[in-house]
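Here is a structure to work through by question and answer. Keep the sequence and the model side by side as you read.

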Number of protein chains: 2
Amino acid sequence: MKAKKRSAGPRTDERVERSKKAVLTTTYELLTKSGLSGVSVDEVARRSGVAKTTIYRHWPSREALLLDACSQLASRPPVPDTGSVRSDLEQLACRVAVRFREPFATVMPSIIDAAERDKDLAELQSRIHAEMRRALVTVIERAQERGELPKTQDAREMVAGILGPIFYRRYFSREPLDEAFAKKVVERALKSAESVVPRSK
Amino acid sequence: MKAKKRSAGPRTDERVERSKKAVLTTTYELLTKSGLSGVSVDEVARRSGVAKTTIYRHWPSREALLLDACSQLASRPPVPDTGSVRSDLEQLACRVAVRFREPFATVMPSIIDAAERDKDLAELQSRIHAEMRRALVTVIERAQERGELPKTQDAREMVAGILGPIFYRRYFSREPLDEAFAKKVVERALKSAESVVPRSK
């Protein structure tokens, strides 16, 4: 009896949430399996069992759906705060190396490829990337406040020095990408940050 | 009269070479315009005016044609030998940064994306990449022989430290990629090479 008395609101919300989750999960699975070009709203509707009209009620376009699915995948990593810039950076670099062994990583080149010819997707890519980078920038800036790194150090250049070699091994040279490599990359970034003297322009 | 007396050989060869060049150029143009998925042998035949059967006589598969077109694009850079590892590496890093502003660069993500799901293309990608990397490895090894860099320095790790941040800016963070950045990357790589002490395992 009690259940019957509940208003329709919460139950509808639950159903809506369940549908949305099914759509996002299906989109993720399709992305992983066939890349960006394999994801059509038709196919997502067919596989998730959620009506196309319902999908379009929540996401105005295929791009919006992809954006949402990807930003759910690229969950913001917790920002470590061990008190040592080296171990903070090592944690984050190793996390990226580990994630690059997951199916998620096979999706990224599809996004990059499509972004070369589509401004909306280029925007999607840079938003996902900014999420990925934010924790590293925070850790570097905290180390600068503590005096562990020089304030003259450009945080984004240092991030390029850490993420660059990891991305490079995963997607370009296709060499082994393990924790040992991630830690070496951090070591190099720290050494060069200490010794790079900013040049006057 | 003289022309008529010439054997058919050289003239046929010339015609064959002209056809092959037309096919490779067309393949390159299609790659640049529409990415890997835009290149079909049908379309190459249509646009180049070379018969499909002729194309298949020279390249047994679409992949072989792509491999050839790409390896022509990724021409082996001349290896600089200025006597200074810094200026050798700067030349090579700046060359990559400049090439990444050319249409050629829009093709690479297509290859990477397809390579995630296709072993033949992964092989094509690593061959193109090895060409790209060879000059850097040579320059580093020469510097080690001259004593400019420690012999314990892993050349491939150093290459990852130079090409990584450049690739990263071009394809991931999509930040400005200019000569100044390429030179800073080299500076960082050299600083970290000097000071990174190899750990015993």
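Q: Into which domains is chain A divided?
A: This is a predicted model. The domain assignment splits chain A into two parts. They are domain 1 (9–71) and domain 2 (74–195).

Q: How many residues of domain 1 of chain A are in contact with domain 2 of chain A?
A: The centres of domain 1 and domain 2 of chain A, taken over C-alpha atoms, are separated by 29 Å. The domains still touch: 13 residues of domain 2 of chain A take part. On the side of domain 1 of chain A, the number is ten.

Q: Which element gives the largest share of the side of domain 1 of chain A that touches domain 2 of chain A?
A: Two elements give two or more residues to that side, α2 (8–34) and α5 (62–73) of chain A. By class, the residues there are five nonpolar, four polar and one charged. The largest share, five residues, comes from α5(A).

Q: How many helices and how many strands does chain A have?
A: Read along the sequence, chain A runs α-α-α-α-α-α-α-α-α-α. The count for chain A is ten helices and zero strands.

Q: What percentage of the contacts in chain A between residues at least 6 apart in sequence join residues at least 24 apart?
A: Chain A has 201 residues, and 38% of them are buried. Now take the contacts in chain A between residues at least 6 apart in sequence. The share that joins residues at least 24 apart is 62%.

Q: Which relation links chain B to chain A?
A: A turn of 180° and a shift of 0.0 Å along the axis lay chain B on chain A. The RMSD of that superposition is 0.0 Å. The turn and shift therefore give the relation of a two-fold axis.

Q: Which residue of chain B comes closest to the rotation axis?
A: The distance is taken at the C-alpha atom. The closest approach is 2.0 Å. The residue of chain B in question is G164(B).

Q: Which element gives the most to the side of chain B that touches chain A?
A: 33 residues of chain B are in contact with 33 residues of chain A. The elements of chain B that give two or more residues to this side are α7 (108–115), α8 (119–146), α9 (155–173) and α10 (179–195). With 13 residues, the one that gives the most is α9(B).

Q: How many charged residues are on the side of chain B that touches chain A?
A: That side of chain B also has eleven nonpolar residues. Ten more are polar. The charged residues number twelve.

Q: Why do the copies meet through the same surface?
A: Compare the interface residues of chain B with those of chain A. The copies meet through the same surface because the share of chain B's interface residues that are also interface residues in chain A is 100%.

Q: How many residues of α7(B) are buried?
A: The buried residues of α7(B) include M108(B), I111(B), I112(B) and D113(B). Their cover includes α8 and α9 of chain B, together with α7 (108–115) and α9 (155–173) of chain A. The helix α7(B) is largely enclosed by the rest of the structure, because the buried count is eight of eight.

Q: Which residues have the most contacts inside the largest nonpolar core?
A: The largest nonpolar core has 102 residues. I162(A) is in contact with L89(A), A93(A), L136(A), V185(A), V186(A) and A189(A), leaving aside neighbours within four places in sequence. The residues with the most contacts inside the core are A93(A), I162(A), A93(B) and I162(B).

Q: What is phi of R174(A) near?
A: R174(A) sits in the loop between α9 and α10 (179–195) of chain A. R174(A) counts as partly exposed, because 16 C-beta neighbours lie inside 10 Å. Its phi is positive, in a residue other than glycine, and is near 50°.

Q: What is phi of R174(B) near?
A: R174(B) lies in the loop between α9 and α10 of chain B. R174(B) is partly exposed, with 16 other C-beta atoms within 10 Å. R174(B) is not a glycine, and its positive phi is near 55°.

Q: How far apart in space are E43(B) and L30(B), C-alpha to C-alpha?
A: E43(B) is in helix α3 (residues 41–48) of chain B. E43(B) and L30(B) are 13 residues apart in sequence. Their C-alpha to C-alpha distance is 8.6 Å.

Technical notes
Residues numbered from 1 in each chain as written. Chains lettered and ligands numbered in written order. Predicted model: local features only at pLDDT ≥ 70, side-chain atom pairs only at ≥ 80, totals over all residues. Helix = DSSP H or I, 4+ residues; strand = E, 2+ residues; numbered from the N terminus. Buried ≥ 20, exposed ≤ 12 C-beta atoms within 10 Å, placed from the backbone. Contact = placed C-beta atoms within 7 Å. Least-squares fit on C-alpha atoms with pLDDT ≥ 70 in both. Nonpolar A, V, L, I, M, F, W, Y, C, P; charged D, E, K, R; others polar. Domains from an automatic or database assignment. Core = buried A, V, L, I, M, F, W, Y, C linked by C-beta atoms within 7 Å.
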